[in-house]
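Got the viewer open and a cartoon view loaded? Let's take a short walk through the fold, one selection at a time.

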Amino acid sequence: MKEKLVNVCGKLLVAAFVILFGWGAVEMFRQGAWVQGTICVASMLLFGAPLVIPLFSRPAEPEPVPLVPQIDFPADKDSSRELAKWVAAEETDVMQMVEELLASPEAFCSAQATRDGEYADEYREVSEFYHDKPDLLCSEGLRLVLEETKVIAMFDWKEMLEEFVDQMTELRRVQTYGLPVPKEQLDEAADIPHWCHVLNELWQPLGYQAILLDTKGDEYLVAVMHYTSHPPYPDDMFWK
């Protein structure tokens with residue numbers, strides 16, 4: 001929003017200079033000051049060019065975003081259980097934690113917040129922030145469970161390739177099924193969806209694929225799911 005406002009203000013300022021020099025040129029010519037009038041015309045053209053050229057130039061076509069399966073991160077208990085099954089059905093310890101979370105989100109997150117561990121502070125924060133919103137507490141708790149147990153990986157929207165490769169390599173299904181994450185085949189200048197697309201070209205013949213979990217935020221959540229050309233759950237659930 002701030003960038004758009006600055007851009008609009010800049011264009012208005014340039015337009016003001018164009019009008020000023022245009023008016024000056026007319027006045028100079030009326031008074032017979034041909035040199036000054038010519039300078040005003042040249043200045044008007046100089047300032048006006050950035051406003052006029054885009055009107056006649058063909059806008060560059062945006063690079064298409066590669067097709068990577070994406071689902072909304074669940075916001076209720078039923079969808080949370082379904083998602084956990086799709087991304088970690090074979091992981092009994094993960095599914096047990098998920099069931100404990102679904103049974104009592106507040107008690108589970110509070111218990112996780114009191115133990116030693118990398119995610120204790122995050123459990124404490126979500127427990128305090130969503131204590132009166134059980135569905136959201138369940139959703140945030142599920143994200144922490146899946147992330148802590150290496151079922152999903154979370155990335156900043158401008159994550160570097162090295163961090164992407166490191167986290168993807170650590171995911172449970174990647175390690176269990178020997179899914180390749182070849183850094184040399186990934187373009188360092190690309191982004192998360194492009195890298196996932198490249199991995200899917202390697203993983204789909206092996207029966208797996210990377211999917212994006214949409215949290216409506218700036219971060220990317222990536223999980224590994226069994227590959228299928230058709231989603232195995234209803235279209236109106238959360239598949240995009």
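Start with the sheet: this predicted model has an open one of 4 strands, in the order β1-β3-β4-β2, with mixed pairing. Pick out β1 (70–72) and β2 (152–155), which stand at the edges. Each has a single partner strand, so one side of each is left without a neighbour in the sheet. Now sight across the strands: from one to the next, the twist averages 35 degrees.

Next, zoom in on β1 together with β3, residues 208–214. These two run parallel, paired over 3 bridges. To find your bearings here, show D72, which stands opposite D214 in β3. Strands of a sheet pair through backbone hydrogen bonds, either parallel or antiparallel.

Keep β2 on screen and add β4 (220–226), then turn on α7. Helix α7 lies across both strands and runs at about 105 degrees to β2. Now select α8, residues 161–170. Helix α8 also lies across β2 and β4, but its angle to β2 is about 165 degrees.

Last stop: α5, residues 105–114. Which residues of α5 are buried? Show side chains for P105, F108, C109, Q112 and A113, and you have them. They sit on the same side of α5, because they cover an arc of only 135 degrees around the axis. An α-helix has 3.6 residues a turn, so residues three or four places apart point the same way.

And what do the buried residues of α5 pack against? Add α3 (77–88), α4 (92–103), α6 (120–129) and α7 (134–148) to your selection: those are the helices they pack against.

How values were computed. Residues numbered from 1 in each chain as written. Predicted model: local features only at pLDDT ≥ 70, side-chain atom pairs only at ≥ 80, totals over all residues. Heavy atoms only, no water. Buried < 20%, exposed > 50% of the residue type's maximum accessible area, 1.4 Å probe, protein only. Arc of directions from axis to C-beta. Contact = heavy atoms within 4.5 Å. Pairing = 2+ DSSP bridges. Axes fitted to C-alpha atoms, helices over the stretch in contact; angles between N-to-C directions.
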